[in-house]
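The following questions and answers are intended for a first-year student who is learning to read a protein model. Please consider each question before reading its answer.

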Amino acid sequence: MTQSHESIVQQQFGPQAAAYVTSAVHAQGPDLDRIAAIAAEVSPAHALDLGAGGGHVSYALAPHAQAVTASDLSADMIAAIRAHAAGQGLANISGEVAPAEALPFADGAFDLLACRFTAHHWRAFEAGLREARRVLAPGAPAIFVDVVAPEQAQADVHLQAVELLRDPSHVRDYRASEWIAALGRAGFTVQAMRTHRLRMDFAVWTERMRTPEAHVAAIRSLQSMVAADVARHFALEEDGSFTLDVALFEAV
Ligand SMILES: C[S@@+](CC[C@H](N)C(=O)[O-])C[C@H]1O[C@@H](n2cnc3c(N)ncnc32)[C@H](O)[C@@H]1O
């Protein structure tokens, strides 16, 4: 049986909406601190959190913006954000169910955009970046954060393989060089890039996506045969936990 990529994304994320709101990996990080700092400098009238998931970017933007729109392909995620925002008294956050590749917003509608840990799921990465560019006012800041693949091909393929086995909605963790080139083609100027590393606890990482047992076993099998330099790159541990590279791109 075949289905659209969008329905695979919705099936993967919908039932896990509450887990993303409480996920420690998503609720903190130097990238989230940087997004909040930029928002504090800019004081946007209307900020967009693109691919909002559990809403952590929206919660970081809300104290600094007049209004924040959280948009996501998953209606369950948007419902979870609305419930959490209401519980926290964050009245300036609203939600919109929409694919990044076809946003229901006017040209130049936002004066800040942040997009974190979502682009690697998009069916059409570059179309999503063009939409981000379209809905931003000219000269307004955009911050993109995602897991990035190593530039070395062997380590890149290992990462994509374990990601896809873990989550069938995975498309690609782009390399930093691919991000910079794609942002340029979409009309953005990248002004800065910051990187940090993020440890994935194997059990938490697979449970959050409800990875089937057969796929967990396949990931462990791949990890047991991995080349030494790839294992070193990802700081692969005995139990399958490993460490990823995350990049934050500041663009206008
Ligand atoms: C890992 S979660 C996002 C985490 C969140 N941005 C954060 O910083 O905590 C990935 C989200 O991307 C959403 N997503 C995947 N593909 C999408 C698309 N094409 N358009 C919009 N949202 C998408 C999923 O529904 C999911 O909620």
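Q: How far apart should the ends of helix 4 (residues 30-42) be at 1.5 Å a residue?
A: Helices (H or I, at least four residues) and strands (E, at least two) are DSSP runs, numbered from the N terminus. The expected span of a helix is 1.5 Å times one less than its number of residues. Helix 4 has 13 residues, and its end C-alpha atoms in this predicted model agree with the expected span, which is 18 Å.

Q: On what do the numbering and the values rest?
A: Residues are numbered from 1 along each chain as its sequence is written. The model is predicted, so local features need pLDDT of at least 70 and side-chain atom pairs count only at pLDDT 80 or more, while totals for chains, interfaces and linings use all residues.

Q: Within what arc do the buried residues of helix 4 fall?
A: A residue is buried if 20 or more other C-beta atoms lie within 10 Å of its own, exposed if 12 or fewer, and partly exposed in between, with C-beta atoms placed from the backbone. In helix 4, Asp31, Leu32, Ile35, Ile38 and Ala39 are buried. The arc is that of the directions from the helix axis to the C-beta atoms. Seen down the axis, the buried residues of helix 4 line one face of the helix, because they fall within an arc of 125°.

Q: Which exposed residues does helix 4 carry on the face turned away from its buried side?
A: An α-helix has 3.6 residues a turn, so residues three or four places apart point the same way. On the face of helix 4 turned away from the buried side, the exposed residues are Asp33, Ala37 and Glu41.

Q: What covers the buried residues of helix 4?
A: Two residues are in contact if their C-beta atoms, placed from the backbone, lie within 7 Å. The cover of the buried residues of helix 4 includes helix 5 (56-61) and four strands: strand 1 (46-50), strand 4 (112-116), strand 5 (142-148) and strand 7 (242-251).

Q: Which elements cover the buried residues of helix 7?
A: Helix 7 (residues 125-135) has the buried residues Phe125, Gly128, Leu129, Glu131, Ala132 and Val135. These buried residues fall within an arc of 160° seen down the axis, so they line one face of helix 7. Their cover includes strand 1, strand 4, strand 5 and helix 9 (176-185).

Q: Against which helices do the buried residues of helix 1 pack?
A: Val9, Gln10 and Phe13 are the buried residues of helix 1. They cover an arc of only 95° around the axis, which puts them on the same side of helix 1. The buried residues of helix 1 pack against helix 2 (17-22) and helix 6 (75-88).

Q: Which elements give two or more residues to the shell around the ligand?
A: A residue is near the ligand if its C-beta atom, placed from the backbone, lies within 6 Å of it. The ligand is surrounded by 22 residues, of which the closest are His26, Gly53, Ala100, Arg116 and Thr118. The elements that give two or more residues to this shell are helix 1 (5-13) and helix 5.

Q: Is Val226 exposed, partly exposed or buried?
A: Val226 is found in the loop between helix 11 (213-224) and helix 12 (228-233). Leaving aside its neighbours within four places in sequence, Val226 is in contact with His158, Ala231 and Leu236. Because it has 19 C-beta neighbours inside 10 Å, Val226 counts as partly exposed.
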